[in-house]
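Got your viewer ready? Load the model, switch on a cartoon view, and follow along one selection at a time.

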Amino acid sequence: KILSSYPHRIMFTKLFSENHSVTMILFILTALLLAPLAALPAANKSGPLPRLKLSDNHRFLVTADGKPFFWLGDTAWELFHRLNREEAERYLKHRAAQGFTVIQAVVLAELDGLKDPNPYGHTPLAGNDPTKPNEDYFKHVDWIVAKANSLGLYLGMLPTWGNNWYSTNAIFTPENAAVYGEWIGKRYRDAGIVWILGGDRRVANDTHREILRAMARGLRAGAG
C-alpha cells in the first residue's frame, strides 16, 4: 500500500486531565504499548514476509489473511546511504531482537544523498536524473531490504526525501516522478515494503501535489 503521511510522528496532547495520577497514566500507556507485542512477526528466513493491506474498514494494516499488523517502527533515514553492509546487518539484527516490525528509511536521502556516495562509492542517480538509477547503488539497497525482510522486518520506504521535489532546484517533475516510481515499485514489488510518500515537506502548490500523485501512480503500476 502507498501511504502519504508521517507515521513516525505521534503526538499526545492533553490525553489526561491534571487530576489523573502519574501512576494511572503510566499504567495505561504501558498497556497500550505492550498489548500488541504478541502479534509481532518472528524472523522469517523461510520465505517472503506476508503481504500487508488495509483492513476492510480502511483504518488498520493487516496481513493478507486478515491478521492485525502492529507497526513498531524505527527511523533510520540514512540507512541505505550511510551504512555499509556489516553496519546495516548489526543494526537490523539489534532492532529485530528488540521487537521492532518496521524500519523507515529513504532511498534518495536528505543529507546530500544525491552527491555524497554510499560506503561503496556509489551515488543513486546518473546526473541526478531520476530516470537513470545507478544499478550499483541499488544493489546495496537490495541487500539491505533482503536482510531486513529475512529478520522479519518490513521497510517503510520513502522513494525520496521531500527536498528532491520541494526545493527550487528539485530534481523531480510529474513526468520523471512517474517513471522513477514505476521503476522502483517494480524492483521491490515482491519485497516486504510499505511505500511512504513524504519527507518532511509541506505540499505547498499544485506542482508538488502532481509530482507526488505521479510518483504514487508509478509505484502502483510497478508494485501492482
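Select Val141 and show what surrounds it. If you skip its neighbours within four places in sequence, Val141 is in contact with Phe80, Met157 and Tyr188. Keep in mind as you click around that this is a predicted model. You'll find Val141 in helix 4, which covers residues 135–150. Is Val141 buried or exposed? It's buried, because its relative accessible area is 0%, and the cut-off for buried is under 20%. Now add Leu79 to the selection: it sits 62 residues from Val141 in sequence, yet the two C-alpha atoms are 8.9 Å apart in space.

**Next stop: the core**

Which residues have the most contacts inside the largest nonpolar core? Select Leu79, Phe80, Val145, Leu155, Met157, Phe172 and Tyr188, and you have them; the core itself has 41 residues. Several elements each give at least two residues to this core, among them helix 2 (79–82), strand 5 (102–108), strand 6 (154–160) and helix 6 (174–187). Colour helix 7 as well, since the largest share of the core, seven residues, comes from there. As a rule, nonpolar side chains in soluble globular proteins tend to be buried together.

Now click on Leu155. Setting aside residues within four places in sequence, Leu155 is in contact with Phe80, Val102, Ile103, Ala105, Val145, Ala148, Asn149, Gly192, Ile193 and Val194. There's also a second, separate core of seven residues, and Leu49, Phe69, Tyr154 and Val194 are included in it.

**Back to helix 4, with helix 3**

Show helix 3 and helix 4 together. Their axes are 10 Å apart, and the two helices pack at an angle of about 25 degrees. That makes helix 3 and helix 4 roughly parallel to each other, because angles under 35 degrees count that way. The crossing of helix 3 over helix 4 is right-handed. To see the contact, select Arg85, Ala88, Glu89 and Leu92 on helix 3, then Lys139, His140, Trp143, Ile144, Lys147 and Ala148 on helix 4. Sort the residues of this contact by class and you get five nonpolar, one polar and four charged.

Stay on His140 for a moment, still in helix 4. His140 counts as buried, because its relative accessibility is 1%. Not counting residues up to four places away in sequence, His140 touches Phe80, Leu83, Asn84, Arg85, Asn118 and Tyr120.

**Helix 4 again, with helix 6**

Hide helix 3 and bring up helix 6. How do the axes of helix 4 and helix 6 cross? They cross at roughly 45 degrees and come within 12 Å, so helix 4 and helix 6 are oblique to each other. This crossing is right-handed. The residues to select are Glu135, Phe138, Lys139 and Asp142 from helix 4, plus Tyr180, Trp183, Ile184 and Arg187 from helix 6. By class, this contact has four nonpolar, four charged and no polar residues.

**Last stop: two loops**

Find His58, in the loop between strand 2 (52–54) and strand 3 (61–63). The phi of His58 is near 65 degrees, a positive value in a residue other than glycine. His58 is exposed, with a relative accessible area of 60%.

Then jump to Asn128, in the loop between strand 5 and helix 4. Asn128 isn't a glycine, but it has a positive phi of about 55 degrees. With a relative accessible area of 26%, Asn128 is partly exposed.

Key:
Residues numbered from 1 in each chain as written. Predicted model: local features only at pLDDT ≥ 70, side-chain atom pairs only at ≥ 80, totals over all residues. Heavy atoms only, no water. Helix = DSSP H or I, 4+ residues; strand = E, 2+ residues; numbered from the N terminus. Buried < 20%, exposed > 50% of the residue type's maximum accessible area, 1.4 Å probe, protein only. Contact = heavy atoms within 4.5 Å. Core = buried A, V, L, I, M, F, W, Y, C linked by side-chain atoms within 4.5 Å. Axes fitted to C-alpha atoms, helices over the stretch in contact; angles between N-to-C directions. Parallel < 35°, antiparallel > 145°, perpendicular 65-115°, else oblique. Left-handed = near helix turned anticlockwise from the far one by under 90°. Nonpolar A, V, L, I, M, F, W, Y, C, P; charged D, E, K, R; others polar.
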